[in-house]
Structure formats: C-alpha cells, structure tokens
Amino acid sequence: MTIKLYNAKILNRDFSVTENGTVLVKDGIIQKVCDHVCKNNCSELLNQSQGQGFPVTSEGSEGRSAFKEIDCKGGLLMPSFKNAHTHSAMTFLRSRADDLPLHEWLHKQVFPQEGKLTPDDVYWFTKLAVLEYLSGGTTAAFDMYMAPESVANAAVDTGFRFTLCGSVMDFDGDDGVARMCDCYERFNKFNPLVAYNLGFHAEYTNKIENLRELAEVVAKYESPIFCHMSETKSEHEGCIERHGKSPARLFEEIGMWEHGGGAFHAVHVDDDDMDIMAKRGIYAISNPGSNLKLASGIAPLMKMAEKGIKIALGTDGAASNNALSMFREMYFACTLQKHLMNDAAACSAYDALRWAMANSAESFGLKDADCIEVGKKADMVLIDLDLPSMRPHNNIVKNIVYSGDTSVVRMTMVNGEVRYKDGEFFLANGEDASAVIEKCEKLMARFA
C-alpha cells in the first residue's frame, strides 16, 4: 500500500513548518517528503503502485487499492506522541482509586483489585486504552503490566505499537527474573509492532538479591533496564535507610546501569543522582500529571536537562492520572517547571513537544519513528488547525502545547495505516470500537 498525504503543513525535526507539503508512505515507511506540490508528482512511486493493477482511490473511497490519497486540508502533519511510561490495562481502575496518597492507593486499592484480573481482562482493558491513545495522537506506549502476552495480542489486534517493560518484584516469587528473561527473548521476536525491554517495578518492591540478579541479566544481554525510581520522598528516603544510599547510587554500584535505561518519575533526586544518570545515559521519564494528582512532587526536569539528562514523558496509568493524554502531560511539564523554577521562561513549548515525541520514542527504542523524514516509520498525526483553540497561527507549536487537547487530533497513523480518523477507529482486526467498550463494561461487573 502506498499512501500520498498532500495539502499538509509538515512539522520538521527543527520545529520549522513546511507549507503545502506532501508525504509519500509505502509499506509503513516514509518514502518521500516534498514541499509545495512535489515537483515530479512522485511519479516513480505512483507508477509502481498503479502498475500493480489496482485503482488509485481518494480519501473515503471503498475497495481494494494499492494507492490512496489523503487530503490533509491544510492541517499539520507531525510525528505522533509516544507514551514513555504507562500501565495501559489500569483503565479498569479509572476514577476508582482517587484522592489517596501513593502507599494507601497501592495497597488498599490497586493491588487488591489487580488480584482479580485475568489475562483476558488485561487484553480487553488494554484495547480500551488503545482507543484513547489513538484518539489522542499516540501511536506507541511503553507498557509495564502483568500478562504481557495479553498486551502483545492487543497490540497486534489493534495495530498499535507496544514496547513491553519487565516488572519484576518480590510478589513474582523466586523465578521472576527468569520469567522476565523468557519474555525478553520471546516478545522481541513476536511481531514488528511489539518489543520488550528489561525492567523491574522498583527498589522498594525487590530484595537486594533480585536487584543483583537483574544486574547480571543486564550484563548478559547488554541491554538497558527501566524501573520506577524516587517517585516519592518516602520511597527515596526508605532506600537510604535500607541500603545507606539512594536508589540511583545503589543501581550504579551494583552495575545495573552499565547499558543505560530509564527511571520512571525520578521526582526526588539529588545532584549526585543526576550526575550518575547523566553519566550512564539514563532517561528521566516524567509523569507530571500522575505525580501532581498523587502529591508525589515535581521532578526537577530543567535541572536534569542542564546536566545532560534526556527527558521523556508518559501518562502513567489511568488509575492515577486519570487521562491518557500526552497533551496534558506536555502542558503540566511546562507549567510545573515554570512554577518550580519561579521563572516563566523555564521549559518552553518546544522542550515539552520534543520530550513527548522524539525523546519519548528514543527512550524505549523507537529511534526510527521519531520524526517525519525519509526512511522513518510512518507513525504520524494530523492536527486540525482550523479549530478555535488552534487559531490564530501566531505559533503552531505553542498552540499545540498550551491550548491543544485531544480534540484537535483529526487522524492518527501507525506504521503507515490509518487507525483513527475524524472520530472513527480502524483497528487491525476490523473490530468496532463500541464492541471493545461494551465488553469492558461487562467485565467491570466483577470489580464493582
């Protein structure tokens, strides 16, 4: 399938905007990016597609076609958002576990309710999250949750990208690390839409023996590793009480960060922690909405960035956010940093958009889906620039970050396939979105 998207503004890597642009996509890969009217009319690719014997169809046409044209109608074609930390199936706890501090939230609501989940539940509630991701311009999620096969199957059936993250903790028993290794080897061969990264839940949910074993696995696979870290002050101080050092220092000394990785939240980190993260190439994967709602604090993102730490953004799960909107995370990231620094110039809209798109993609291994350039994966979003919240066009990037929300997303493309457009979903298995929602509502009866 070759798709021509034309009459578009195109957001470039440097945040400049190409007017009247055209993008050609074939088999999920961007083949050509042209300004104005594409001088040669992309004739070579057009001839290749038409030569296969299928008719050229315009947007909205039915039937089989090797070539499709989509009129972007002056909208902004931009790289999609990548959600760098989430627990997708926790949609089942949306608005169920609110207004509680983190420890009570986890032990009185989340863990007891999660004990009732089946793999089938995880599959369906993950698909519910995918609908929300797609309608908000997100095409990939770095997902840490139970029943990884259910999440992987949901990815294939919806046509959405998932990178799964290990979540080793003491609750897993003595074989938790071994099962993570099995997942690493299995799911990195599962499907092009699915990948797997090493990970564990957190320092405070793992014995030191587990952590040392995880460091050995990192050395074996020469792979980055990810975890929740220093999300709350009590968690950070508890690690110091247990081990005489912060989580970052502990991970550094046992050799866990030899090949990089990422720290989810990283709210309560000191200068020494940040120096270690910068040295080891550890991403600070921030979840400002969740941290704000759980009163966990504000991560010092600008100070981290000044030290050379790369920042990425995620929503966390719907149990603690409660939305899965990267628009909200960008806005919170910007405004909270301005508050923290007591400086209205701190953290620009450009910073936040870069964190939500390119940096987030890179953080969990999607460097080939970070921008709109030839050879990159066709994971793109079309923004409706004619909506009142997007007018006037004094600065399109600032409009997106400061006044945008999910309502401005007109189309979401994953791997060269349109999965959401103008309120309709086009899941890979042909399933209707209403059927997903209805199934999840029926499943909720067990959790009432």
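These legends describe close-up views of a predicted model.

**View 1. Confidence along the chain of the predicted model.**
The protein chain has a mean pLDDT of 93. Of its residues, 93% reach 70 or more. Residues 49-56 have a pLDDT below 50. Beyond near neighbours in sequence, this stretch has 14 contacts in the model. Residues 60-64 also stay under 50 in pLDDT. For residues 60-64 the model has 2 contacts beyond four places in sequence.

**View 2. An open, parallel sheet of 8 strands.**
The strand order is 7-8-9-10-11-12-13-14. Strand 7 (81-86) and strand 14 (311-313) stand at the edges. Each has a single partner strand, so one side of each lacks a neighbour in the sheet. From one strand to the next, the twist averages 25 degrees.

**View 3. Strand 9 beside strand 10.**
Strand 9 spans residues 161-165, and strand 10 spans residues 194-202. The two pair in the parallel sense over 4 bridges. C165 stands opposite N197 of strand 10.

**View 4. Two helices packed on the sheet.**
Helix 9 (residues 271-280) touches strand 11 (225-229), strand 12 (261-265) and strand 13 (282-286). The direction of helix 9 makes about 120 degrees with that of strand 13. Helix 12 touches strand 7, strand 8 (138-143) and strand 14. The direction of helix 12 makes about 80 degrees with that of strand 7.

**View 5. Strand 11, covered on both faces.**
In strand 11, 5 of 5 residues are buried. I225, C227 and M229 lie on one side. F226 and H228 lie on the other. Strand 10 runs parallel to strand 11 and is joined to it by 3 bridges. Across that pairing, A202 has H228 as its bridge partner. Strand 12 also runs parallel to strand 11, with 5 bridges between them. Here C227 has A263 of strand 12 as its bridge partner. Helix 6 (residues 208-221) completes a right-handed β-α-β unit with strand 10 and strand 11.

**View 6. The hairpin of strand 2 and strand 3.**
Strand 2 (residues 17-26) and strand 3 (residues 29-34) pair in the antiparallel sense. The pairing runs over 5 bridges. V23 stands opposite V33 in strand 3. There are 2 residues between the strands of the hairpin. In the turn, D27 has a positive phi of about 50 degrees.

**View 7. Helix 14, its cap and its buried residues.**
Helix 14 covers residues 396-403. N395 caps its N-terminal end. A side-chain oxygen of N395 lies 3.2 Å from the backbone nitrogen of V397. I396, V397, N399, I400 and V401 are buried. The buried residues of helix 14 pack against strand 1 (2-11) and strand 6 (76-79), among other elements. They also pack against helix 12 (326-341) and helix 13 (349-363).

**View 8. A97, a buried loop residue.**
A97 sits in the loop between strand 7 and helix 2 (102-114). Its relative accessibility is 1%, so A97 counts as buried. Leaving aside neighbours within four places in sequence, A97 is in contact with W105, Q109 and A319. The C-alpha atoms of A97 and S320 are separated by 7.4 Å. Along the chain, these two residues are 223 residues apart.

**View 9. D121, buried in helix 3.**
D121 belongs to helix 3 (residues 119-135). With a relative accessibility of 1%, D121 counts as buried. Not counting residues up to four places away in sequence, D121 touches K116, L443, R446 and F447.

**View 10. S246, between helix 7 and helix 8.**
S246 lies in the loop that links helix 7 (233-243) and helix 8 (247-253). The relative accessible area of S246 is 7%, so this residue is buried. S246 is in contact with H236, C239, I240 and D273, leaving aside its neighbours within four places in sequence.

How values were computed. Residues are numbered from 1 along each chain as its sequence is written. Side-chain values use heavy atoms; hydrogens and water are left out. Buried means under 20% relative accessible area, exposed over 50%, partly exposed in between (1.4 Å probe, protein chains only). Contact means heavy atoms within 4.5 Å. A polar contact is a pair of N or O atoms within 3.5 Å; within protein, one must be able to donate a hydrogen and the other to accept it, and residues adjacent in sequence count only if both atoms are side-chain atoms. pLDDT is the predictor's confidence in each residue, from 0 to 100. Two strands pair if DSSP finds at least two bridges between them. Axes are lines fitted to C-alpha atoms, for helices over the stretch in contact, and angles run from 0 to 180 degrees between N-to-C directions. A crossover is right-handed if, with the strands pointing away from the viewer, the path from the first strand over the helix to the second runs clockwise.
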